[in-house]
Amino acid sequence: MQSLTKRKSSAAYLGLLTAFALILSYVETLIPFQVGIPGIKIGLANLAVILGLYLFGWKEAVLLAVLKAFAGGLLFGNLFMIVYSLAGSIVSVFAMILMKKSKWFHVPIVSATGGIMHNVGQLLVAIFVVETYSVVYYLPVLMIAGTITGLVIGVVASIVLPYIQKVILKGVPLK
């Protein structure tokens, strides 16, 4: 009975993290963040994925990343946004899973790696879509942007994680 109760509360928390990711995706569409280079975004919704990875595990993080890409694309974008976001999210989440499993890196570094790899995944799709390797010239700029935004998201995650873990460990019921 204990595991069933735990499983139900995990599903509820994952639902909350998914909703949180979609809210952050929407908020990001409202922020006028233009640097003149295609593909650079703040990546606020990735906060939910990194929280899911550290709170629940790799399977839940993969689920969150996929749900975030599909639902965010359907609600706030188009088919191309879904394809780019899904590619970036999958590459990103698996890189973060490997980094976390090594136990050598703190949350901000894991998140920064996720930010970089998200851009790499999207760049791979861009190479396929435009049928040229010339978009690789964006890679250094995208790596810098992914590092900065990933570090910021990781710092925020490392600040809020202990508080969320306390709520979950206390078994605060969700109503």
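**Entry 1. L24**

I looked up the contacts of L24 in this predicted model. Not counting residues up to four places away in sequence, I found L24 touching L44, A45 and L47. I placed L24 in helix α1, which covers residues 2-30. Is L24 buried or exposed? I recorded a relative accessibility of 14% for L24, and because buried means under 20%, L24 counts as buried. I then took the distance to one of its partners: the C-alpha atoms of L24 and L44 are separated by 5.6 Å, with their positions 20 residues apart along the chain.

**Entry 2. The chain as a whole**

I next turned to the overall make-up of the protein chain. I counted 6 helices and 0 strands, and the pattern along the sequence reads α-α-α-α-α-α. Of the 175 residues in the chain, 40% are buried. I also looked up how far apart in sequence the contacting residues are. Among contacts between residues at least 6 apart in sequence, 69% join residues at least 24 apart.

**Entry 3. α2 against α3**

I examined the pair formed by helix α2 (residues 46-55) and helix α3 (residues 58-76). Two packed helices are described by the angle between their axes and the distance between the axes. For α2 and α3, I noted that the axes come within 7 Å and cross at roughly 165 degrees. That angle makes α2 roughly antiparallel to α3. The crossing in which α2 passes α3 is right-handed.

Which residues make the contact? On the α2 side I listed N46, A48, V49, G52 and L53; on the α3 side I listed W58, A61, L64, A65 and K68. By class, the residues of this contact divide into 7 nonpolar, 2 polar and 1 charged.

**Entry 4. Helix α4**

I checked the length of helix α4 (residues 79-102). At 1.5 Å a residue, its 24 residues should span 34 Å, and the C-alpha atoms at its ends are 35 Å apart, which agrees.

I then listed the buried residues of α4: I82, S85, L86, A87, G88, S89, S92, V93, A95, M96, I97 and M99. Against which helices do they pack? I found that the buried residues of α4 pack against α2, α3 and α5, the last of these covering residues 107-130.

**Entry 5. α4 against α5, and M117**

For the α4 and α5 pair I recorded a packing angle of about 140 degrees, with the axes 7 Å apart. The crossing in which α4 passes α5 is right-handed. The residues of this contact divide into 14 nonpolar, 10 polar and 1 charged.

I took M117 as a residue to follow on helix α5. Leaving aside neighbours within four places in sequence, I found M117 in contact with G88, V91, S92 and A95. Among these residues, G88, S92 and A95 also stand in my list of buried residues of α4. M117 and V91 are 26 residues apart in sequence, yet 6.0 Å apart in space, C-alpha to C-alpha. At 26% relative accessibility, M117 counts as partly exposed.

**Entry 6. P162**

Last, I looked up P162, which I placed in helix α6 (residues 139-170). With a relative accessible area of 38%, P162 is partly exposed. I compared its position with that of L55: the two residues are 107 residues apart along the chain, and their C-alpha atoms are separated by 9.7 Å.

Notes: Residues are numbered from 1 along each chain as its sequence is written. This is a predicted model: local features need pLDDT of at least 70, side-chain atom pairs count only at pLDDT 80 or more; totals for chains, interfaces and linings use all residues. Side-chain values use heavy atoms; hydrogens and water are left out. Axes are lines fitted to C-alpha atoms, for helices over the stretch in contact, and angles run from 0 to 180 degrees between N-to-C directions. Helices (H or I, at least four residues) and strands (E, at least two) are DSSP runs, numbered from the N terminus. Angles under 35 degrees count as roughly parallel, over 145 as roughly antiparallel, 65 to 115 as roughly perpendicular and the rest as oblique. A crossing is left-handed if the near helix is turned anticlockwise from the far one by less than a right angle, and right-handed if clockwise. Contact means heavy atoms within 4.5 Å. Ala, Val, Leu, Ile, Met, Phe, Trp, Tyr, Cys and Pro count as nonpolar, Asp, Glu, Lys and Arg as charged, and the others, Gly among them, as polar. The expected span of a helix is 1.5 Å times one less than its number of residues. Buried means under 20% relative accessible area, exposed over 50%, partly exposed in between (1.4 Å probe, protein chains only).
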